[in-house]
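Please walk through the open and enclosed spaces of this protein, beginning with its main pocket and ending with what is shut off from the outside.

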Amino acid sequence: MRLNGAVVVITGASSGIGAATALAFARRGARLELGARRLEKLNAVAEKCRKAGSPDVNVRLLDVGQRASARAFIAATLRDHERLDVLVNNAGVGWMGRAHEMPEEKVDELIATNLKGVINTTSSALPWMLERRRGVIINVASVVGFRPSPYSAVYSATKHAVVGFSHALRGELSGTGVKVCVVYPGVTGGTEFFKAPDQPIGFQYPAWWVANLVVRTARYPRRDAMVFPLRLADVAEPVFGGLMDHAIGEVRRRSVPD
Ligand SMILES: NC(=O)c1ccc[n+]([C@@H]2O[C@H](COP(=O)([O-])OP(=O)(O)OC[C@H]3O[C@@H](n4cnc5c(N)ncnc54)[C@H](OP(=O)(O)O)[C@@H]3O)[C@@H](O)[C@H]2O)c1
C-alpha cells in the first residue's frame, strides 16, 4: 500500500503509541483522522503531524466503547475524504492488580474500550471497505494477547479477545481484499499506560518503535506483527513478511476457489 495521500484513521491518538503512530504516518504523507476523548491533546498531536508532512489532519471526539460515537467517527471520515485506507484500532486502557479486587466499573471500562471499541469501529468501517474491496484494519493487541500476565487478568482477557476477533474476522474476509492484522507491543515507554511513576517495569520499547511497526504493517499487511528488538526487523519484515503473505496467498488461491 502506498501511504502518501492514503486516509488513515487512528483511535486513541491523543497519547502514547497512537500519537507516535499518527506522527509516523504523517511523515509518509498520509491524511489523518485522529480520535480520542481528550480534544486538547489530540489538537497538539495534530499540529505535530501537520509539521511532519501530513497534508490533512482532522481530530474528533471519540469514545470507542460507544457504538454511536464510533459510527459517527467513521462516517465523518468517509464524508471528509470519501475513502478509508487504513483503520488503526489502538485505543486501550489497562488495570493492574488482583482480579477479584478489580472494581466492576473498571472491568466494564476495559471490556468496552479494548474489545467493544475494536468491534465498534471495525463494524462501522467494514461496509465501505467491503464495497470497495480494499482496506487494512490493524488492531493493536499486546504480548499479553498470547501470553497472559498475572495481575492483568481482565486486560489479558480483552487482548486475547481482540486477537480471537481479528483472526476470525480475517478468515471471514478472505478473498474480499480487506486485510486484518494484529500488532503485539511489549511494554512500551513514552505512553500514559503505566500511570504510577514508581511502577517497576524494566525494559521498555519506545513508542516510535511500535509506531514504525504499525506503519510497516499498513504497507505490508500480514496476520501477526511482533515488535522485534532489532533494527534489522525494519529490513527483514517487509521482505520476509511479504514473501510469506505471497506464499500463503498462493496456497489459498490454489486450494480455495473464490
Ligand atoms: N504501553 C504499553 O506497555 C502497551 C503494551 C502493549 C499494548 N499496549 C496497547 O497499546 C495501545 C495504546 O496504549 P498506550 O500504551 O499508548 O497508552 P496511552 O498512552 O494510555 O494511550 C491510550 C490511548 O487510548 C485512548 N482511549 C482510552 N479510552 C478511550 C476511549 N474510550 N475512546 C477513545 N479513546 C480512548 C486514550 O485517549 P483519551 O484518554 O484521550 O481518550 C489514549 O489516546 C492500547 O491498546 C494498549 O492496550 C500498550
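**The pocket, its ligand and a cavity**

Helix 4 provides the largest share of the lining of the largest pocket, namely four residues, where helices (H or I, at least four residues) and strands (E, at least two) are DSSP runs numbered from the N terminus. This is a predicted model, in which local features need pLDDT of at least 70 and side-chain atom pairs count only at pLDDT 80 or more, while totals for chains, interfaces and linings use all residues. Residues are numbered from 1 along each chain as its sequence is written, and side-chain values use heavy atoms, with hydrogens and water left out.

The largest pocket holds about 1300 Å³ of space. On a 1 Å grid over the protein atoms alone, a pocket is an open set of points with protein on both sides within 12 Å along at least five of seven lines, a cavity is a set where a 1.4 Å probe fits but cannot get out, and lining residues have an atom within 4 Å of a point. Grid points are joined across faces, edges and corners, and a volume is the space filled by probe spheres set on the points. The lining of the largest pocket comprises 48 residues, of which Gly92, Val93, Gly94, Tyr155 and Phe193 are the closest to its centre. Helix 1, strand 2 (31-36), helix 4 (104-132) and helix 5 each give two or more residues to this lining.

The ligand occupies this largest pocket, a molecule being placed there if more than half of its atoms lie within 2 Å of the grid points. Two elements, helix 1 (16-27) and helix 5 (153-172), give two or more residues to the shell around the ligand. That shell has 30 residues, with Ile17, Arg37, Arg38, Tyr155 and Thr188 the closest; a residue is counted if one of its heavy atoms lies within 4 Å.

Among the polar contacts (pairs of N or O atoms within 3.5 Å), a side-chain N or O atom of serine 14 is 2.8 Å from a ligand oxygen, and a polar side-chain atom of serine 15 likewise lies 2.8 Å from an oxygen atom of the ligand. From leucine 62, a backbone N or O atom lies 3.3 Å from a ligand nitrogen.

Finally, there is one cavity of 30 Å³ or more. The residues lining the largest cavity include Trp95, Met102 and Tyr151.

Methods
Polar contact = N/O pair within 3.5 Å; in protein donor to acceptor, adjacent residues only side chain to side chain.
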